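I set down here what I looked up in this structure, entry by entry. The order follows my own reading.

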Amino acid sequence: MNVSVTGAYIYYVIPILGGIPITQTTVSLAAVTILLTIASYCLGRNLTKRPGNLQVLTEKGITMMYNMVVETMGAHNANWFPYICTIFLSSICGSLIGMTGFLRSTTADLSVPLAWAVLTSAIIWYQSIRHNGFLGWLKGFTEPVAVMTPMNLISEVAQPVSMAFRHFGNVAGGGVITSILYTALGMGSAVLLNLISATIFVPIILLALAVGLYFWGRKTQKAVRRIAGLALGVLAILGLLQYAGVLSGVPILQFGIPAVLSIYFDVFSGFVQALVFSMLSMVYISSACPPPEEANHSGNS
């Protein structure tokens, strides 16, 4: 995940309207939009009655997402499926694009989930006005009693803010932790290499122990001993290379270890946050779009 603690890097400022910055997030958003557009075109063309494997997977994913929207929002709100699906895919791809190493995760910039949250709130307000009328929408801020009006107004503002900060905080927090881990592993690499290459005798002793453990493990059929022997053997080789000056300044601990955390912060956490944001959007929008019979009953009352 490519997340800078100081924020998105500004590549260029367009000298109009007081300056419009083109940042890492802007480039990442453009890349996500282009990728999703190309994917939609490629997956949606040449559909056949006897689908291939790719078409089956595409239809399965769309069906699962559509069923989730219908079950959460009701069949009368199925028309919101394109919007929810767009938010969901944009969030996932925006989080995963940080794994490229040179593009920034779009969801690690507060402006992106905040824009989605404000758009969702605008939809909710529009639907409330559409079903209850403008006066009916304003009346909702005074219920159950007029003294609740300030709290209701704060709640309307807090809703998009909480949605945005929940999504942004989890993604950006993971990026900060990953950055700190990279720094710590770099320092740990230097300490480890210096210890095992202090003298030529240290890697030689480690190598002898590695050979002994490995063959002892083979003789006794103990996998733990063989693994320990291999680990010591790797350390011994690294110590010899460091003593020879080959590995000078190479952060060996940064290879592989951060990838494990990346699976959680980029893949798992990104998917969960996209799902949570989409679910909240569905719940809030469906509350403003009741079934026709309930809307008519509310209007008559």
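**Entry 1: terms and model.** Before counting by helix, I note that helices are DSSP runs of H or I with at least four residues, numbered from the N terminus. I also note that the model is a predicted one.

**Entry 2: the chain as a whole.** I looked up the secondary structure and found 9 helices and 2 strands. Reading from the N terminus, I find the order β-β-α-α-α-α-α-α-α-α-α. I then looked up burial: of the chain's 301 residues, 31% count as buried. The exposed area of the chain is about 17900 Å², and carbon and sulfur atoms supply 71% of it. For contacts between residues at least 6 apart in sequence, I recorded that 68% join residues at least 24 apart.

**Entry 3: the nonpolar patch.** Which residues make the nonpolar surface patch? I listed Leu114, Val118, Val157, Val161 and Phe165, with an area of about 400 Å². Two helices, α4 (111-139) and α5 (149-196), each supply at least two residues of the patch. The largest share, 3 residues, comes from α5. I took Val157 as one member to examine, and it lies in helix α5. Val157 has a relative accessible area of 55% and is therefore exposed, since the cut-off for exposed is over 50%.

**Entry 4: Thr25.** I located Thr25 in helix α1, which spans residues 24-44. Is Thr25 buried or exposed? Its relative accessibility is 3%, so Thr25 counts as buried. I looked for a polar partner and found that the side chain of Thr25 makes a polar contact with the side chain of Asp109 at 2.8 Å. Beyond its neighbours within four places in sequence, Thr25 is in contact with Ala8, Arg104, Thr106, Asp109 and Val112. Asp109 thus appears in my notes both as a polar partner and in the contact list.

**Entry 5: cysteines.** How many disulfides does the structure hold? I found 0. I looked up the accessibility of two cysteines. Cys85 is buried, with a relative accessible area of 16%. Cys93, with a relative accessible area of 28%, is partly exposed.

**Entry 6: Gln221 and Ile227.** I looked up Gln221 and placed it in the loop between α6 (201-220) and α7. Its phi is near 60°, a positive value in a residue other than glycine. Gln221 is exposed, at 63% relative accessible area. I then went on to helix α7 (residues 223-243), where Ile227 is placed. Ile227 has 57% relative accessibility and so counts as exposed. Between the C-alpha atoms of Ile227 and Ala210 I recorded 9.4 Å, with 17 residues separating the two along the chain.

**Entry 7: Ser286.** I placed Ser286 in helix α8, residues 257-288. Its relative accessible area is 16%, so Ser286 is buried; the cut-off is under 20%. Where does the side chain of Ser286 find backbone oxygen? A polar atom of the side chain lies 2.9 Å from the backbone oxygen of Met282, and the side chain also reaches the backbone oxygen of Val283 at 2.9 Å. Not counting residues up to four places away in sequence, Ser286 touches Thr72, Met73 and Asn77. I closed the entry with a C-alpha distance: Ser286 and His76 are 9.4 Å apart in space and 210 residues apart in sequence.

Technical notes:
Residues numbered from 1 in each chain as written. Predicted model: local features only at pLDDT ≥ 70, side-chain atom pairs only at ≥ 80, totals over all residues. Heavy atoms only, no water. Buried < 20%, exposed > 50% of the residue type's maximum accessible area, 1.4 Å probe, protein only. Polar contact = N/O pair within 3.5 Å; in protein donor to acceptor, adjacent residues only side chain to side chain. Contact = heavy atoms within 4.5 Å. Disulfide = S-S within 2.5 Å. Patch = residues over 30% accessible without salt bridge, like charges linked within 9 Å, V, L, I, M, F, W, Y side chains within 5 Å. Areas by Shrake-Rupley, 256 points an atom, 1.4 Å probe, with all protein chains shown as cover. Salt bridge = Lys/Arg side-chain N within 4 Å of Asp/Glu carboxyl O.
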